[in-house]
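Please open the structure in your viewer and keep the selection panel at hand, since this tour moves from one selection to the next. At each stop, select what is named, and then read on to learn what is there.

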Amino acid sequence: MRPEYLKVPLPSGENYVRIRETLKVRTLHTVCEEARCPNIAECWGAGTATFMVMGGNCSRGCRFCSVTHGGMQPLDPLEPKKVAESVRIMGLDYIVITSVDRDDLEDQGAGHFAAVVKAVKDMNVRVEVLIPDFRGNHELVERVVSSGPDVVAHNIETVRRLTPGVRDGRAGYDQSLSVLREIKERHRAMITKSSLMLGLGETDSEVIEALHDLKDASVDIVTIGQYLRPSRKQLEVVEYCPVERFKRLEAIAYEMGFSFVASGPLVRTSYRAAEAWSKRRLENV
Ligand code: SF4
């Protein structure tokens with residue numbers, strides 16, 4: 001049974017309703033809804049959202065994820081414009097853009113993703129992108145990174161040992177690390193970020209090894225949250241981790257030298273994204 005600290009209020013409020021309506025009218029997707037994020041009330045209530053582009057169906061089938069697998073649809077050429085318009089209407093100044101994986105497309109959607117970022121950047125908005133691995137194709141990754149985001153995130157999701165049973169077979173622990181490493185090698189000033197879920201059966205020493213691997217790949221920001229099973233179709237939760245475990249790992253990550261760490265049961269990749277960006281920027285000035 002889920003512990004009390006994981007129970008969150010149902011989303012409501014003026015900002016929440018306005019954002020939901022804006023997205024619905026433009027047939028846009030957010031990861032907040034698709035992934036049933038527990039922070040939706042807090043984030044939408046505060047007027048921030050994470051856009052999920054390239055459709056609502058994913059070509060992959062990670063075993064923790066509730067996004068619909070398969071049934072791929074053509075890309076919407078108007079999506080860059082629709083996202084930019086929605087950002088303007090919502091009055092946002094920091095947004096996160098993520099996507100489903102599009103292994104079905106020749107460029108795996110890299111060109112479309114970059115077009116969305118450019119459309120939003122034209123409006124003087126800070127943009128964080130949470131990108132797929134593009135099957136480790138650095139030129140496709142580069143297409144998105146060179147479109148001008150302020151932060152580039154790519155998630156390793158879990159520790160090395162559990163990766164094959166948790167993520168889709170086309171993903172890989174080392175492949176993800178190599179994506180993160182290459183971004184930093186090509187763009188020394190780019191802020192990079194990655195996230196891990198706890199509660200899938202990993203040990204503390206495996207999590208610490210993963211943090212070391214991320215540090216070796218020069219990642220700046222790390223977030224650690226509790227895996228919550230979206231429905232009975234996904235992997236079972238092995239453990240609801242106590243808050244103290246998150247706090248202990250947060251302290252260890254800071255000791256390793258990460259610029260910003262968010263670690264707690266309800267933390268998700270985009271949690272306090274603008275705050276993490278400002279902190280890293282301040283360190284650079
Ligand atoms: S790549 Fe995996 S985690 Fe990402 S949307 Fe597709 S199935 Fe979900």
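Begin with the ligand and select the residues around it, which in this predicted model are Cys58, Arg60, Gly61, Cys62, Cys65, Val67, Val100, Asp101 and Asp168. If you colour this shell by residue class, you will find five nonpolar residues, one polar residue and three charged ones.

Next, select the strands of the sheet and follow them across in the order β1-β2-β5-β6-β7-β8-β9-β10, which makes an open sheet of eight strands with mixed pairing. At its edges are β1 (29-30) and β10 (260-263), each of which pairs on one side only. As a general point to keep in mind while you look, the strands of a sheet pair through backbone hydrogen bonds, and they may do so in either the parallel or the antiparallel sense.

In which sense do β2 and β5 pair? Select residues 50-53 for β2 and residues 94-99 for β5, and you will see a parallel pairing that extends over four bridges. Within this pair, Phe51 can be picked out opposite Ile97 of β5. Staying with the sheet, add helix α9, which packs on it and touches β8 (191-198) and β9 (221-226), while the direction of α9 makes about 170 degrees with that of β8.

Now keep α9 (residues 204-216) selected and add helix α10 (residues 243-256), so that you can look at how the two pack, at an angle of about 30 degrees and with their axes 11 Å apart. Because angles under 35 degrees count as roughly parallel, α9 and α10 are roughly parallel to each other, and their crossing is right-handed. To show the contact itself, select Val207, Ile208, Leu211, His212 and Lys215 on the α9 side, together with Leu249, Ile252, Ala253 and Met256 on the α10 side. By class, this contact is made up of seven nonpolar residues, one polar residue and one charged residue.

For the last stop, select helix α5 (residues 110-121) and helix α6 (residues 138-145), which pack at an angle of about 15 degrees with their axes 8 Å apart. This angle makes α5 roughly parallel to α6, and α5 passes α6 in a right-handed crossing. Where the helices meet, α5 contributes Ala110, Gly111, Phe113, Ala114 and Val117, and α6 contributes Leu140, Arg143 and Val144. Coloured by class, the contact of α5 with α6 shows six nonpolar residues, one polar residue and one charged residue.

Key
Residues are numbered from 1 along each chain as its sequence is written. This is a predicted model: local features need pLDDT of at least 70, side-chain atom pairs count only at pLDDT 80 or more; totals for chains, interfaces and linings use all residues. Axes are lines fitted to C-alpha atoms, for helices over the stretch in contact, and angles run from 0 to 180 degrees between N-to-C directions. Angles under 35 degrees count as roughly parallel, over 145 as roughly antiparallel, 65 to 115 as roughly perpendicular and the rest as oblique. A crossing is left-handed if the near helix is turned anticlockwise from the far one by less than a right angle, and right-handed if clockwise. Two residues are in contact if their C-beta atoms, placed from the backbone, lie within 7 Å. Ala, Val, Leu, Ile, Met, Phe, Trp, Tyr, Cys and Pro count as nonpolar, Asp, Glu, Lys and Arg as charged, and the others, Gly among them, as polar. A residue is near a molecule or strand if its C-beta atom, placed from the backbone, lies within 6 Å of it. Two strands pair if DSSP finds at least two bridges between them.
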